[in-house]
Amino acid sequence: MVVVVKCKKCGEEFPSKLVQTANEEALKKFTFQSNNEICLSCGQQSSYSLNDYFWKL
Ligand SMILES: [Zn+2]
């Protein structure tokens, strides 16, 4: 599985940099901070909260 996030600008899904470190413990910490991700499709940088992330098979 990978962690993906949907771009706020173009709506494309792209793999999060969290994918490298994602585990339950990391996700708990993650709820307390926002995270910047850069869309692979359009280059838009936005901050995302935990609710914006989801697992994809
Ligand atoms: Zn985008």
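Two strands count as paired if DSSP finds at least two bridges between them. Keep that rule in hand for the whole tour. The model on screen is predicted.

**Stop 1: the whole chain**

Start with everything shown as a cartoon. You should find 1 helix and 5 strands. Follow the chain along the sequence and the pattern reads β-β-α-β-β-β. Now colour by burial. Of the 57 residues, 9% count as buried. Then turn to contacts. Take those between residues at least 6 apart in sequence: 52% of them join residues at least 24 apart.

**Stop 2: the hairpin of strands 3 and 4**

Select residues 35-38, which are strand 3, and residues 45-48, which are strand 4. In which sense do these two strands pair? The pairing is antiparallel and runs over 4 bridges. Pick out N36 and look across to strand 4, where S47 stands opposite. Next take I38, whose bridge partner in strand 4 is Q45. The two strands form a hairpin, with 6 residues between them. Stop at G43 in that turn: its phi is positive, about 85°.

**Stop 3: the three-stranded sheet**

Hide that hairpin and show strands 2, 1 and 5, which make an open sheet in the order 2-1-5. The pairing in this sheet is antiparallel. Which strands lie at the edges? They are strand 2 and strand 5, because each pairs on one side only, and a pair requires at least two DSSP bridges. Now look at the strand directions. Neighbouring strands of the sheet are turned by 40° against each other on average, direction ignored.

Zoom in on one side of strand 1. Strand 1 covers residues 2-6, and strand 5 covers residues 53-56. They pair in the antiparallel sense over 4 bridges. Select V2 and you will find K56 of strand 5 opposite.

Move to the other partner of strand 1. Strand 2 spans residues 13-15 and pairs with strand 1 over 3 bridges, again antiparallel. V5 stands opposite F14 in strand 2. K6 has E13 as its bridge partner in strand 2. While the side chains are on, recall a general point: in a regular strand they alternate between the two faces of the sheet.

**Stop 4: the turn at G11**

Strands 1 and 2 also form a hairpin, with 6 residues between them. Select G11 in the loop that joins these two strands. Its phi is positive, at about 85°. Is G11 buried or exposed? It counts as exposed, because it has 10 C-beta neighbours inside 10 Å and the cut-off for exposed is 12 or fewer. Now draw a distance from G11 to S41. These residues are 30 apart along the chain, and their C-alpha atoms are separated by 9.4 Å.

**Stop 5: K17**

Finish in the loop between strand 2 and helix 1 (24-30), where K17 is found. Why does K17 count as partly exposed? Because 14 other C-beta atoms lie within 10 Å of its own, and the partly exposed class falls between 12 or fewer and 20 or more. Last, draw a distance from K17 to V3. The two are 14 residues apart in sequence and 8.2 Å apart in space, C-alpha to C-alpha.

Technical notes: Residues are numbered from 1 along each chain as its sequence is written. This is a predicted model: local features need pLDDT of at least 70, side-chain atom pairs count only at pLDDT 80 or more; totals for chains, interfaces and linings use all residues. Two residues are in contact if their C-beta atoms, placed from the backbone, lie within 7 Å. Axes are lines fitted to C-alpha atoms, for helices over the stretch in contact, and angles run from 0 to 180 degrees between N-to-C directions.
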